[in-house]
Amino acid sequence: MKSILTKGLLAIAALTVLTTSCSKNEDTADEASLDLTAEQTTLSAEADRSADEVFNLIEIAYAEQEEEAGRTTSLFPDCVTITISSENEVTFVTYDFGLGCEIGSGAIVSGTLRLTYGPLVAATRTITFSFENFGYNNKGIAGGGTIYRERNNANGNPASTVNKDLQVTMQNGVVASVTGTRSAEWIEGFASGTWTDNVFLITGDRDIAFSSGFNHDLLVLEALRRESTCDYFVSGVLEVTRNNGTGTLDYGDGTCDNLAVLTINGQEYEITLD
């Protein structure tokens, strides 16, 4: 009887160990699926960059109309139809890029951008923006909102703040919802008469949720530097978080290229942006 009982207890113990081991393996697999990866971070960086490029375009569009920032060399060539009207001190500006127009930066833009704003109040203005069938470099852009614009911030530079809520349709059909704050300080090139020397510093935070089922939280640790002649951020650092994983994304030392370095737990991964 003792031998039979001992064998039975051993069998139960072995089954318990096996069950516990499987459960731990499954938990580990589930945790791994929530980790930060270079591939997904690349997608988030591309969605974030596309949203920022569109806001940069809006900044320049507004400044060319209201702040004499494009009188010598405009970002917008003849293939853009610009319509301006006003009523009761409210200005309406429409930029129609048609089925596809290459603007001065080399970007291909399509569809319609609409801006609406009232008079300046203490050198500030609120700009409402919206899109219609809008595309930027083969990515669809939808959404809208308002931008708070300062003619001169504490540093004496033009600045803007937006609570952004855009939907970016990637080339593979996946939709990225980009929400959060974006603050931009225009530190170089203002009122020079050309868009080609414009430089902005970008700060803020954003959440990017993909229709394919994952999301990232991004926080600017070191201001992102955007130069209007470059398609990519040339410097600055983002903190990237996804559930169990946190890393940093470093855009470099000021060189205009499509490379960034993702660091996770001390391990570096070079990523290439689209």
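**Exercise 1.** In this predicted model, identify the bridge partner of Val-240 in strand 12, and place strand 11 among its neighbours.

*Solution.*
1. The partner of Val-240 in strand 12 is Gly-247.
2. Strand 11 and strand 12 (residues 245–253) pair in the antiparallel sense, with seven bridges.
3. Val-240 is also the bridge partner, in strand 11, of Leu-218. Strand 10 and strand 11 are antiparallel as well, paired over six bridges.
4. Two residues separate the strands in the hairpin of strand 11 and strand 12, where Asn-243 adopts a positive phi near 50°.

**Exercise 2.** Explain why strand 11 is described as largely enclosed by the rest of the structure.

*Solution.*
1. Strand 11 comprises residues 235–242, eight residues in total.
2. Seven of the eight are buried, so the strand is largely enclosed by the rest of the structure.

**Exercise 3.** Determine which residue of strand 10 pairs with Asp-52 in a salt bridge, and whether the two partners are buried or exposed.

*Solution.*
1. The side chain of Asp-52 meets that of Arg-226 at 2.6 Å, N to O.
2. Asp-52 belongs to helix 2 (residues 38–66) and Arg-226 to strand 10, 174 residues apart.
3. Buried means under 20% relative accessible area. Asp-52, at 0%, is therefore buried, and Arg-226, at 2%, is therefore buried too.

**Exercise 4.** State which salt bridges Arg-149 forms with Glu-59 and Glu-67, giving the N to O distances.

*Solution.*
1. Glu-59 and Arg-149 have their closest N and O atoms 2.4 Å apart.
2. Glu-67 and Arg-149 meet at 2.7 Å.
3. Both glutamates and Arg-149 belong to a network of salt bridges that also includes Asp-52, Arg-182 and Arg-226.

Terms used:
Residues are numbered from 1 along each chain as its sequence is written. This is a predicted model: local features need pLDDT of at least 70, side-chain atom pairs count only at pLDDT 80 or more; totals for chains, interfaces and linings use all residues. Side-chain values use heavy atoms; hydrogens and water are left out. Buried means under 20% relative accessible area, exposed over 50%, partly exposed in between (1.4 Å probe, protein chains only). Helices (H or I, at least four residues) and strands (E, at least two) are DSSP runs, numbered from the N terminus. Two strands pair if DSSP finds at least two bridges between them. A salt bridge is a side-chain nitrogen of Lys or Arg within 4 Å of a carboxyl oxygen of Asp or Glu.
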